[in-house]
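Hi,

Here is the structure I promised to pass on to you. Have a look at it first, and then read on for what I found.

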Amino acid sequence: MPKNQIAYWVEKDKEGNIYVGANGEFGVLKLDASGEMYYKSLVDLLDKQYRDFNVIWEIAQEQKGVVFRSRKYLFRYANEQLTVLDVPSSGTKFDVAFSARDTVYMRIYDLGLAWVDAEGIHPLP
């Protein structure tokens, strides 16, 4: 990771990629053709307006992607593309993300539980 940062969360997927979240940084450790591991920052895929996320607190996997959770944004990485999901209402924050049966769930302050997919954030009834 750049600047010898400390990882807050590390998550390995079924293909052996290792996703890393830190303060102001997140990305993936991958193997190149010779079997050497290298780090690929995903922050480079973000528009500058979304780089104020501070810390990636958790990483959770769903069937077709990986979700990085900060308090301000969710970042969904799938098919080499990064999607930004903002909190559903102003003044609230994302809190606690986890995976269960290939689905990412989270708690959102003042709103309750929700699940995430390629279409967005869906509050549970």
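**Strands 10, 11 and 12**

Strand 10 (residues 103-108) and strand 11 (residues 112-117) run antiparallel and are joined by five bridges. Before I go further, please keep in mind that this is a predicted model. Within this pair, Y105 stands opposite W115 of strand 11. The two strands make a hairpin with three residues between them.

Strand 11 also pairs with strand 12 (residues 120-123), again in the antiparallel sense, over four bridges. Here W115 turns up once more, with H122 in strand 12 as its bridge partner. Strand 11 and strand 12 form a hairpin as well, with two residues between them.

**Two residues with positive phi**

Most residues other than glycine have a negative phi. Two residues are worth a look with that in mind.

- D110 is not a glycine, yet has a positive phi of about 70°. You will find D110 in the loop between strand 10 and strand 11, that is, in the turn of their hairpin. With a relative accessible area of 73%, D110 is exposed.
- R101 is not a glycine either, and has a positive phi of about 50°. R101 belongs to the loop between strand 9 (94-100) and strand 10. Is R101 buried or exposed? Its relative accessibility is 83%, and the cut-off for exposed is over 50%, so R101 counts as exposed.

**The sheet of strands 1 to 4**

Now to the start of the chain. Four strands form an open sheet here in the order 1-2-3-4, with antiparallel pairing. Why is one side of strand 1 (9-12) and of strand 4 (37-41) left without a neighbour in the sheet? Both stand at the edges and each has a single partner strand, so one side of each has no neighbour there. On average, neighbouring strands of this sheet are turned by 20° against each other, direction ignored.

If you want to check one pairing in detail, try strand 1 and strand 2 (residues 18-22), which run antiparallel and are joined by four bridges. W9 has G21 of strand 2 as its bridge partner.

**The sheet of strands 5 to 8**

Another open sheet of four strands has the order 5-6-7-8, and its pairing is antiparallel too. Strand 5 and strand 8 (81-86) are the edge strands, each pairing on one side only. Neighbouring strands in this sheet are turned by 25° against each other on average, direction ignored.

Strand 7 and strand 8 run antiparallel and are joined by six bridges. One pair to look for is L74 with its bridge partner in strand 8, L85.

**The largest pocket**

Last comes the empty space. The largest pocket holds about 270 Å³. Its lining is made of 15 residues, and those closest to the centre of the pocket are D13, E15, Q63, K64 and G65. Which elements give two or more residues to the lining? They are strand 5 (58-62), strand 6 (65-69) and strand 7 (73-78), and these strands belong to the sheet with the order 5-6-7-8. By type, the lining residues divide into seven charged, four polar and four nonpolar.

That is what I have for you. Enjoy exploring the model, and do write back with any questions.

Best wishes

Note on methods
Residues numbered from 1 in each chain as written. Predicted model: local features only at pLDDT ≥ 70, side-chain atom pairs only at ≥ 80, totals over all residues. Heavy atoms only, no water. Pairing = 2+ DSSP bridges. Axes fitted to C-alpha atoms, helices over the stretch in contact; angles between N-to-C directions. 1 Å grid on protein atoms, 1.4 Å probe; cavity = no way out; pocket = protein on both sides within 12 Å on 5 of 7 lines; lining within 4 Å. Points joined across faces, edges and corners; volume = space filled by probe spheres on them. Nonpolar A, V, L, I, M, F, W, Y, C, P; charged D, E, K, R; others polar. Buried < 20%, exposed > 50% of the residue type's maximum accessible area, 1.4 Å probe, protein only.
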